[in-house]
Every structure is written in structure tokens, then in C-alpha cells.
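Student: I would like to go through some labels given to this structure and see what each one rests on.
Tutor: Then ask about them one at a time.

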Amino acid sequence: MTVGAAATGRGVEVRLEDLQRRYANTTALAGLTLTMAPGELVALLGPSGCGKTTALRLLAGLEVPDSGKVVVDNVDITNVPANRRGIGMVFQAYSLFPHMTAQQNVAFGLSLHKVNAAERKRRTDEMLELVGLSRYANRYAHQLSGGQQQRVALARALAIQPTVLLLDEPLSALDAKVRSRLRDEIRRVQLEVGTTTLFVTHDQEEALAIADRVGVMNAGRLEQLDSPTAIYSKPATPFVAEFVGLTNRLAGEVRNGEVDVRGIRLPLVQPEAANGPAVALVRPENVSLVADGEMNAGPLVGTVIAVSFLGATSRVTVDLGDVIVMAQLPTSEATAHTAGTKVRLALRKEPVLIARDEKASSEA
Amino acid sequence: MSRSRRLKLQVFRTAVFLVMGAFFLVPIGAMFEFSTRGNSVTAPRNLDAWTNILKTPDLIDAITASLELAAITSIAMLVLLLPTMVWVRLRLPRLNRIVEFLSLLPLTIPAIALVVGLFPISRWMRINISDSILMLSVFYVILVMPYSYRALDAGLAAIDIKTLSEAARSLGAGWATVMLRIIVPNMSSAILNACLLSVAVVLGEYTFANLLTYENLQVAIAYVGLVSAGTSIAVAVAALLFAFVLLMILSFVGRPPVPIAKAEDADFQVSQTVGLSGGLIGRSGR
């Protein structure tokens, strides 16, 4: 599969500088600053209303920021209208023009850019081939499945050779199986054309799987921007730790740079934290189970209530009486623990983040 | 569905079709019958009333004027209403109710009251702009607005104009291109519907034209009716048939292409097994 020379290696640097946007009494973006390297795929991840779609729409020019700058390839485009930005976009809702075939949809942007008929045909065919839909070129949107429509939308966005590609939750309307496949397809195409890409999603699996870097947003701010591995294993804030992946919330007491959780002292990510009650955020894979020896009642002894098979690993849910804890183990180990058996928990001494919120006092 | 139930349904449908058909066609048939009567009870049937249409210059002028008014009104209505409705939906959705209320308002005001209110404007336009009958189209736009608004509103509701217009804009389209190449083709049926309603209202309009002393089709029919009832009825039947032809055109234009079964999502060229990504799935149990 080939891509035209002009369509490869077209990545440019994108900078969002202190973008702010308010709607009536709601702050959608409270000073977002983000730099994307040429050819990079950055995923903005966050719950509904965190401002990720607003950031994308400001970059697309579909909305105007209250303050801040949008800089693409060192050119300030903050006040450039959407149709003159040369930014391609794939939407969450199916956005193919219903009165046009797949081929006409892909060629639409090219005709607006005054590309001659022969070149238009060549690039349209090339883009449809890129997304594997050459044989559906003459079909209308209603004759294509959801996944195919989004692939045509991707081809249409890439056909104009955009400086930046924006993906606004393009997979959320699809079923799980198609979503997983199309996600990989998008990544393959993005790597092939090399366009700087911003991918907005609320699905952490999607973000962690597809992106070079993931930005986790909360309440209009970027909480952390880092590689998927770092986001998961070294969350910068309690919000990131809790939003990305599974986290056990275990009440404890901070003392001299460590947190005491049910008699086990765990190191802190922020050793300078003040002494006092806190909730330790412990990943399930840092919890292991011991089932031998005497199982006298104790703060870390509980009953297995469920074992969920996930493939190579399994998740074991243990009821400690006052709190439910999840442990993620290799499936070979997890099979030893069936529902109803008594187990003792062991916590790996990895640095943990702590949260100090209203739940800290209640989760004793 | 059982066979007897299907049969009952078919009988019911046929009965409704026949009753409705009779309801619409019997009066037209009666009008046609009347227009072909001779001058006395014993006189043979003839088409004099129909041929008289062509021999009455005032009538031809009135028909021409009404057709021109219908065309101008339809175009003016579209130019005024469609971009406004699209803009309100995209940018000012809070004003949607107000625009709907204003558009439907002429329906609640009797034509005679509207004419009285608009008379000073009509007089000013006659003195300062033109005395042509085509100036009536300014008032007819107000008159057809409630019907056209409903038709266009249904068309706009059927498409996701926000996403489609944003997609087009991101591809480089200006607002004029968005309107002409994206929105209009996707609501061609609604636009045709709105135009047909406008044409029907304009062709049937009498009060405005008569009270503002213009001679359109209906006013001419009324005048001709004083001299030759047969001719006036023939013109009325012709006008009804014209509307019928327009309806037929509407039912054949803008039909979606013959559907083809949707392709399966499974036909990805890149095949892979679905990953079971264990620990990364889900959020903490808050």
C-alpha cells in the first residue's frame, strides 16, 4: 500500500498556549497548554465535561477561545476560520455527506482546494485504498456499516493532506470488536502518513493503546501529559491514578514520608506529604494473595468473592470486611483461589500516591 | 400476521383509498362536467369554456402573473427562511422557539386583518418602488411562511446539520458552499415540499390581491365568473390539475437510491485478535 509522497512525513508542531474557554457560568478550559511534536499522536483523555472536546474544537477553529493562542507550524492561527486552517477532522457522529458516495465524499475537500480532476481521482483512490475500502467507493453512507463510514471519514480528512488530524471520539459509536480493530487501523494509517494527530476519547484503553503520549484532563486542566506507560505506572496526581486503570483505595496514616496501611508501611510518591490520615491508592497488580498457613482474623485477611478471567491475568476480588480489594494475578496463580476461600493480602512496597478527601475518614 | 387479518387490513386500506379518492375527485369531476355544459339544457357538451381561457387576455395575464408570483414567492421564501433556520439551529438554538413562533404567527391572523395592517406599506411601495403586481410577492412571503417553515423544519430535523456543516467546513467549505452543496441537497424533498405549499397558497390567494386592487388568478376567475361561469370553473380545474402535477413531481423527485444491504464490519483488511487488555480496562470502583 502506498501513500503519495506529499502525504507522508507531513507532521508539524502544534502548540496550544494557555487556552481558556467559558460557557456562561461553566469553565470548559482553564488555561490549557500543550505542545505536540511533528508526527506525534497525542490522546486527550478525561471524563465527560473535562474540556477535551473543547480543546479539539478550538484547534479545529469550530470555536474561538476567550484567551490563549493556537499555533500550528509556528503560525498563529487563533483567528483563522475553520475552513482555512487545513486541519482534517473525524467526528464522533457519522458525518459522511448522505447524498454523496464514499468516493465523492473523499473527493469533496479536494474539489474545494481546486485540485484538478485527474489528481483528485488519483488521490481519492489512494485514500480509499489506504483505509481498505476501494471496493466500496460507489456506495452511499447508508450502504456502509458504522466502521466503514468512519474509515471513509478518515480517508476524507486525510485526502486534503491536512497539517493536523483531529479525531473526536471517532470510535465511540461502534461496537467493542469493531472499535478495537478500527483503533489499530487508525494508528497504522497515522503512522503511514505521519500527520500530527490529536485524538480525543473518554476510553482509557483506547488512549493508552493508540497514543505516543496521553494527556489526562480534569475540570478544564491538563493533569498529566506523558507516555501511556508513565501515565499508568507513575500517575502524577490522585485523579490520574484513579481515572486511569483500576485502583484500590485503602485508608491509612501518613507518618514520616510513608503511609501505614493496615500495618504495612508503603513508600510515598511524594515523601514530603504531611502526616495525618489519607487514602493510599494501590494498583491491583501490587496486591498479592497468600493462602497458606493459618488464616486468623486480621486487617489483611479476607474472603475471595469473585475471580474474573482476563486472559493471561485474572482479577481476584477480596472482601476484607470493611473494604473490597482487587488483586491482579497471573491466571495460573489466581486459579488457586476460588470464591469463598480465605486469603491474606500482601502489598508490594511500590511507591503509592495518596488522596486526602472526604472518603479518607470513612474508609477505615 | 394471519391471512384473514391481512385480508381485512387490505380491504380497509382499499376502502379508505376509495373514499378519500372520491372525496377529492368527485368535486373536480363535477367542476369539469359543469365546464363542458352547453348554453342551454339541451345544448350538446363542448369545450368552449376551456378554449375561452386562451381567448381572454386578462385571464392569460392573470395566470402569468400568478405563476410569476408563485415562483418569486417560493424563491424569496427559500432565500429568507432556509439560511435563517440553519443559522438559528447552528448558532442560536435558544432563538429557535421565537423564530418558530414568528413564522407561524401569520397563520393565526385573518388575511383581512393582515391586509389592513400591510396596506400603508403597499401604498408606499406602489408610489416609491413599483406598481407591478409582482410586488404582491413581498406580502405572499409572509403568507406562505407558516406552511414553508413547517416543511423546512421537518427537513432540517432529519439531518445532523451541525456535524455535516462542521465536517464540510473542516474540509475547506465556506458557508455558501455548506448551504448549496451540503444542506440543500440533503433536504431537497423538504425544499420541494415547501415550494409546492408556497405555489399552492399563492395560486389560491384572493383576499390580498383583491383588497390591494391587483388582478391575480383568483381575482380574474371571480371577474370571469360574472360573465362566464363555465370559463371560471375551467380555470379553477386547470389550477387544481396544475397543483396535482406538482404533487406528482414531488413524489418522484428526491427519492433515495435503491438500498443495498449494508456491508459487514468484519471485512477489515488488517486482521487481528481482540486483545484482552486486563489491567487497563475499567476505572477504580468509586
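Student: Why does A:Glu333 count as partly exposed?
Tutor: In this predicted model, A:Glu333 has 43% relative accessibility. Buried means under 20% and exposed means over 50%, with partly exposed in between. The 43% of A:Glu333 falls in that interval, so A:Glu333 counts as partly exposed.

Student: Where in chain A is A:Glu333 placed, and how far is A:Glu333 from A:Ser314?
Tutor: A:Glu333 is in helix α9, which covers residues 331-334. Between A:Glu333 and A:Ser314 there are 8.6 Å from C-alpha to C-alpha, at a sequence separation of 19 residues.

Student: Why is B:Phe23 called exposed?
Tutor: The relative accessibility of B:Phe23 is 61%. The cut-off for exposed is over 50%, so B:Phe23 counts as exposed. B:Phe23 belongs to helix α1 of chain B, residues 3-35.

Student: Which residues form the nonpolar patch on the surface with B:Phe23?
Tutor: The other members are B:Phe12, B:Val16, B:Met20, B:Phe24 and B:Leu25. Together with B:Phe23 they have about 670 Å² of accessible area.

Student: What fraction of chain A counts as buried?
Tutor: Of its 364 residues, 57% do. The surface that chain A exposes comes to about 14300 Å², with 51% supplied by carbon and sulfur atoms.

Student: How many positive and negative side chains does chain A have?
Tutor: There are 39 positive and 39 negative ones, and the centres of the two sets are 6 Å apart.

Student: What does the secondary structure of chain A come to?
Tutor: Ten helices and 20 strands. The C-alpha trace of chain A spans about 80 × 45 × 35 Å along its principal axes.

Conventions. Residues numbered from 1 in each chain as written. Chains lettered and ligands numbered in written order. Predicted model: local features only at pLDDT ≥ 70, side-chain atom pairs only at ≥ 80, totals over all residues. Heavy atoms only, no water. Helix = DSSP H or I, 4+ residues; strand = E, 2+ residues; numbered from the N terminus. Buried < 20%, exposed > 50% of the residue type's maximum accessible area, 1.4 Å probe, protein only. Areas by Shrake-Rupley, 256 points an atom, 1.4 Å probe, with all protein chains shown as cover. Lys, Arg positive; Asp, Glu negative; His and termini not counted. Charge placed at Lys NZ, Arg CZ, Asp CG, Glu CD. Patch = residues over 30% accessible without salt bridge, like charges linked within 9 Å, V, L, I, M, F, W, Y side chains within 5 Å. Salt bridge = Lys/Arg side-chain N within 4 Å of Asp/Glu carboxyl O.
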